[in-house]
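This briefing is intended for a reader who wishes to examine the structure alongside a short account of its features. The points below are grouped by topic.

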Amino acid sequence: MSCPAERRLRKELLELLTNPMPGIYIDEEKVAKNINEWIVTIEGAEKTIYEGETFQLQFSFNEKYPFDSPTVLFIGKIPVHSHIYSNGHICLSILTDDWTPALSVGAVCLSIRSMLSSATKKERPPDDMIYTRTCSKNPKKTKWFFHDDTV
Amino acid sequence: MSSSQTTTVNDPHLDNTTTTNNDTLPNNNSQEPSTSTDSSQYRSSTQYSFKPPPENSKTSTKPDLDDNEEEKRDDSMYVCNICLDIAKESVITMCGHLFCWPCLNCWLETKPQRQLCPVCKAAISKDKVVPLYGRNNEKQQDPRSKKSPPRPQAQRTEPDNSQNYQGFQSFGDAGFHLSFGIGAFPFVFFGSSFNFNDIRQRNGQNGSQFEEDQFLSKVFLWVAIIFFCWLILA
Ligand SMILES: [Zn+2]
Ligand SMILES: [Zn+2]
């Protein structure tokens, strides 16, 4: 029997492939190679400031998933947003403190997409320069101080 | 719905009969309920015989595929919110969310200081979850009383995780800043390359201030003692 983390990831993958979510696409080839590393493409929603843009999220899971949260960050072109640092780190509470095992890749994508959709201005976080110079490579090691709970 | 569940749970007699029934169930096909059984057992075994007769089940194996979707939809009600399988050793929280006991227990153990329902974040605890007993569970044993199964408790490989990290260029060094985040913002602002000196300088200042304070308090202490002696002598 495969380990519980893998088993659950396969279930999530199957679910996302059979019932795709709008604006969220999974790189099946990459996932097939390694179930613990996912690349997900997110399309900026219509009628938002990110309309027409696409971004890529990288998910990394460890063997404690879903009890431990996945590591999630943007790679490649990083969306300009007040909660997204220029190195791809995302300031979103469900990725660390507020993670629960009932959340999923789909739920995280959805909430990142809605975080993008709710933005009215394209700007970096005020502490972007300092943070990106001093932070760990792993965003889960940052002690996030969440800007606001509404997003 | 929850009320019906609690009634079955709260009826220990029913549990007992169903467990003993397990042995007699195969006899039902011969439609001769064992005569020695008491009335309650008899009732339950006849109820059982209302269930699909064996002939039907044979013919229904092929159409089963078509029914699969419907079945899936029905089954999805009983899917554990953590492992996404049909819940085993199911328990339900007071907020109405279903889990396998091993799954929920593992979650409670990962965050012992902050026990929240994974679905709705209501406060939960081991004592306040209700075990669910279906009709023909082999053993109607409270899953919480069992030792949690020998789960492969994950090895602590957190640091590994950051090393294995792929597809990422290195940014400065990863060691010293962990506690910085945004909180330490004003300190860091003095210039990135002088971070340490700056903080040390501040610490130095704090240190000398501290010494001064100590000196002053000593002086006052001596003044007080001298004053006290003077009072006594005078
Ligand atoms: Zn489960
Ligand atoms: Zn709940």
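**A covered helix in chain B**

The buried residues of α6(B) are B:W101, B:P102, B:C103, B:L104, B:N105, B:C106, B:W107 and B:L108. In this predicted model, helix α6 of chain B spans residues 101–110, and eight of its ten residues are buried, so that the helix is mostly covered. The buried residues of α6(B) pack against β1 (90–92) and β2 (98–100) of chain B.

**Zinc site in chain B**

- Four residues of chain B coordinate the zinc ion (ligand 2): B:C95, B:C117 and B:C120 each through SG, and B:H97 through ND1.
- The coordinating distances run from 2.0 to 2.3 Å.
- Along the chain, the donors of the zinc ion (ligand 2) are spaced as C-x1-H-x19-C-x2-C.
- The arrangement around the zinc ion (ligand 2) is tetrahedral because its four donor atoms subtend angles of 101 to 117°, and four donors count as tetrahedral if all angles lie between 85 and 135 degrees.
- For reference, the ideal angle for four tetrahedral donors at a metal is 109.5 degrees.
- The donor residue B:C95 counts as partly exposed, because its relative accessibility is 31%.

**Backbone geometry in chain B**

- B:E89 has a positive phi of about 50° although it is not a glycine.
- This residue, B:E89, is placed in the loop between α5 (64–75) and β1 of chain B.
- With a relative accessible area of 33%, B:E89 is partly exposed.
- B:K121, likewise a residue other than glycine, has a positive phi near 65°.
- The loop between α6 and β3 (130–131) of chain B holds B:K121.
- A relative accessible area of 34% makes B:K121 partly exposed.

**Overall make-up of chain B**

- Chain B contains nine helices and three strands, which follow the pattern α-α-α-α-α-β-β-α-β-α-α-α along the sequence.
- Of the 234 residues in chain B, 24% are buried.
- Among contacts in chain B with a separation of 6 or more, 35% are accounted for by residues 24 or more positions apart.
- The accessible surface of chain B is about 17,400 Å², and 56% of this surface belongs to carbon and sulfur atoms.

**Annotated segments of chain B**

- An unreviewed UniProt entry places the feature "transmembrane region" at residues 174–194 and 215–233 of chain B.
- In the model, residues 215–233 of chain B are 100% helix and 0% strand, and the end C-alpha atoms of this span lie 27 Å apart.

**Overall make-up of chain A**

- Chain A has four helices and four strands, arranged along the sequence as α-β-α-β-β-β-α-α.
- Buried residues account for 56% of the 151 residues of chain A.
- Among contacts in chain A between residues at least 6 apart in sequence, 60% join residues at least 24 apart.
- About 6,900 Å² of chain A is exposed, with carbon and sulfur atoms supplying 52%.

**Local features of chain A**

- A:Y65 and A:P66 are joined by a cis peptide bond, with omega at about 5°.
- The second of these residues, A:P66, lies in the loop between β3 (54–60) and β4 (71–75) of chain A.
- A:S136 is located in the segment after α4 (128–134) of chain A.
- A:S136 counts as buried because its relative accessibility is 5%, and buried means under 20%.
- The side chain of A:S136 reaches the backbone nitrogen of A:N138 at 3.0 Å.

Technical notes
Residues are numbered from 1 along each chain as its sequence is written. Chains are lettered from A and ligands numbered from 1 in the order in which they are written. This is a predicted model: local features need pLDDT of at least 70, side-chain atom pairs count only at pLDDT 80 or more; totals for chains, interfaces and linings use all residues. Side-chain values use heavy atoms; hydrogens and water are left out. Donors are N, O and S atoms within 2.8 Å of the metal (3.2 Å for Na, K and Ca); water is not among the atoms, so sites may look incomplete. Four donors count as tetrahedral if all angles lie between 85 and 135 degrees; four count as square planar and six as octahedral if opposite donors are over 155 degrees apart and all others between 65 and 115; anything else is irregular. Buried means under 20% relative accessible area, exposed over 50%, partly exposed in between (1.4 Å probe, protein chains only). Helices (H or I, at least four residues) and strands (E, at least two) are DSSP runs, numbered from the N terminus. Contact means heavy atoms within 4.5 Å. Accessible areas come from the Shrake-Rupley method with a 1.4 Å probe; for residues, only the protein chains shown count as cover. UniProt positions are given in the numbering used here, feature names are shortened, and annotations may be inferred rather than shown by experiment. A polar contact is a pair of N or O atoms within 3.5 Å; within protein, one must be able to donate a hydrogen and the other to accept it, and residues adjacent in sequence count only if both atoms are side-chain atoms.
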